[in-house]
Amino acid sequence: MKKLLIILVIVVLLGGGAYYEFVYAPPVYSKAVLGVIKEFETASRDAPRPENVSDPVDKIIAIKQQSEFLTQAREKISALNPPFFGELRQFHNDILGMIGLLLAAYNKQEEQIAFFGGILELEDVLEPEDLDHGTATIGDIQKHFEAAVPKVRTRVDEILSKEPSFEFKDVTFSEIKSAWEQARSGFDAWLSYIRKLNAADPLSGGTGMSPPSKKAEEAVRSITTFLDLVKKAAAENIDTSQLMPPSSEESNARGQRINDVLTKLREKYPEQ
């Protein structure tokens, strides 16, 4: 009797495992993974591709977006439960492996992105998007610069306190740092000019607004020169050709397997 009960338990367990493996898991996993892939493809399609963007600031933003999309896709796919064996398990491993290679390629540019992207955030300070030029006053821009300039100087000082490990092309780290020293002191002259303006005047141009002094104009030029130099260096040092993993027989075979399974799944579950 005891042996019979053991046999029955084994049969039930095996039957349950077979049901999960061959009946329950395949459609549940397939629909879920297709949903994640569709979500990633939509987000990626709506965002600019880094290799198609020429402006260094926009390129950095595009690279960050693509990296974030890939990270989110990996997290969501990792949380899914494919069947234990067979084609879908291989597909699951393949697609996570491919995302891992893509993220590794993006991470090769991580130091460049952090360096140039951190400095070029300075543009947001010089041209604040949250101020409505139609209604803002000089007082608003005075408050903005008084609060933002010290933070920016500290941030850029921190970034330039240590030379990055990547090799600079054409524009050197020393040239960037030297340009920053001039731009940094220029903020004092610019703030001095801003503080003298009438806070009640509209930002769009008050009747009594005095023109910038020669010192203030030179300050703006030094800041602009610094940003232009950093943009030039960013364009030369952020290499979008490195954003794809190196091609190999193994990676090509993986890509083909992924495409074959995706074709089957999309035919079987077209609503996804």
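**Salt bridges, ring pairs and a pocket**

Student: How many salt bridges does a search of the whole structure find?

Tutor: The search finds ten salt bridges. Keep in mind that this is a predicted model.

Student: Why is the contact between K76 and E39 called a salt bridge?

Tutor: The rule asks for a side-chain nitrogen of Lys or Arg within 4 Å of a carboxyl oxygen of Asp or Glu. Between the side chains of K76 and E39, the N to O distance is 2.3 Å, so the pair meets the rule. K76 belongs to helix 2 and E39 to helix 1, so this bridge ties together parts that are 37 residues apart in sequence.

Student: What makes K76 buried, partly exposed or exposed?

Tutor: Buried is under 20% relative accessible area and exposed is over 50%, with partly exposed in between. K76 has 34% relative accessibility, so it counts as partly exposed. Its partner E39, at 45%, is partly exposed as well.

Student: How do you know that E146 and R195 form a salt bridge?

Tutor: Their closest N and O atoms are 2.5 Å apart, and the cut-off is 4 Å, so the pair counts. This pair links distant parts of the chain, with E146 in helix 6 (residues 138-159), R195 in helix 7 (residues 173-196) and their positions 49 residues apart. E146 has a relative accessible area of 34% and is partly exposed, and R195, at 47%, is partly exposed too.

Student: What ties D188 and R153 together, and where do they lie?

Tutor: D188 and R153 form a salt bridge, with the closest N and O atoms 3.0 Å apart. D188 lies in helix 7 and R153 in helix 6, so the bridge joins parts 35 residues apart in sequence. At 42% relative accessibility, D188 is partly exposed. R153 has a relative accessible area of 14%, which is under 20%, so R153 is buried.

Student: Let's turn to the aromatic rings. Why is the pair of F145 and W190 given its class?

Tutor: There are twelve aromatic pairs by the rule used here. The ring centres of F145 and W190 are 6.2 Å apart and their planes stand at 85°; an angle over 60 degrees is edge-to-face, so that is the class of this pair. F145 sits in helix 6 and W190 in helix 7, 45 residues apart. F145, at 4% relative accessibility, is buried, and W190 is buried at 18%.

Student: What makes the pair of W180 and F226 stacked, tilted or edge-to-face?

Tutor: The centres of these rings are 5.1 Å apart and the planes make 45°; that is neither under 30 nor over 60 degrees, so the pair is tilted. W180 lies in helix 7 and F226 in helix 8 (residues 214-237), 46 residues apart. W180 is buried at 1% relative accessibility, as is F226 at 0%. Elsewhere, ring pairs link F115, F116, F166, F168 and F173 into a cluster.

Student: What lines the largest pocket?

Tutor: The lining has 27 residues, and F40, L70, M98, L102 and M244 lie nearest the centre. The pocket holds about 650 Å³ of space.

Student: Which helix gives the most to the lining of the largest pocket?

Tutor: Helix 9 does, with seven residues. Helices supplying at least two lining residues each include helix 1 (2-46), helix 2 (56-78), helix 3 (87-107) and helix 9 (249-268).

Student: How many residues of each class are in the lining of the largest pocket?

Tutor: The lining has 17 nonpolar, seven polar and three charged residues.

Notes
Residues are numbered from 1 along each chain as its sequence is written. This is a predicted model: local features need pLDDT of at least 70, side-chain atom pairs count only at pLDDT 80 or more; totals for chains, interfaces and linings use all residues. Side-chain values use heavy atoms; hydrogens and water are left out. On a 1 Å grid over the protein atoms alone, a cavity is a set of points where a 1.4 Å probe fits but cannot get out, and a pocket is an open set with protein on both sides within 12 Å along at least five of seven lines; lining residues have an atom within 4 Å of a point. Grid points are joined across faces, edges and corners, and a volume is the space filled by probe spheres set on the points. Helices (H or I, at least four residues) and strands (E, at least two) are DSSP runs, numbered from the N terminus. Ala, Val, Leu, Ile, Met, Phe, Trp, Tyr, Cys and Pro count as nonpolar, Asp, Glu, Lys and Arg as charged, and the others, Gly among them, as polar. Buried means under 20% relative accessible area, exposed over 50%, partly exposed in between (1.4 Å probe, protein chains only). Rings of Phe, Tyr and Trp (its six-membered ring) pair if their centres lie within 6.5 Å; planes under 30 degrees apart count as stacked, over 60 as edge-to-face and the rest as tilted.
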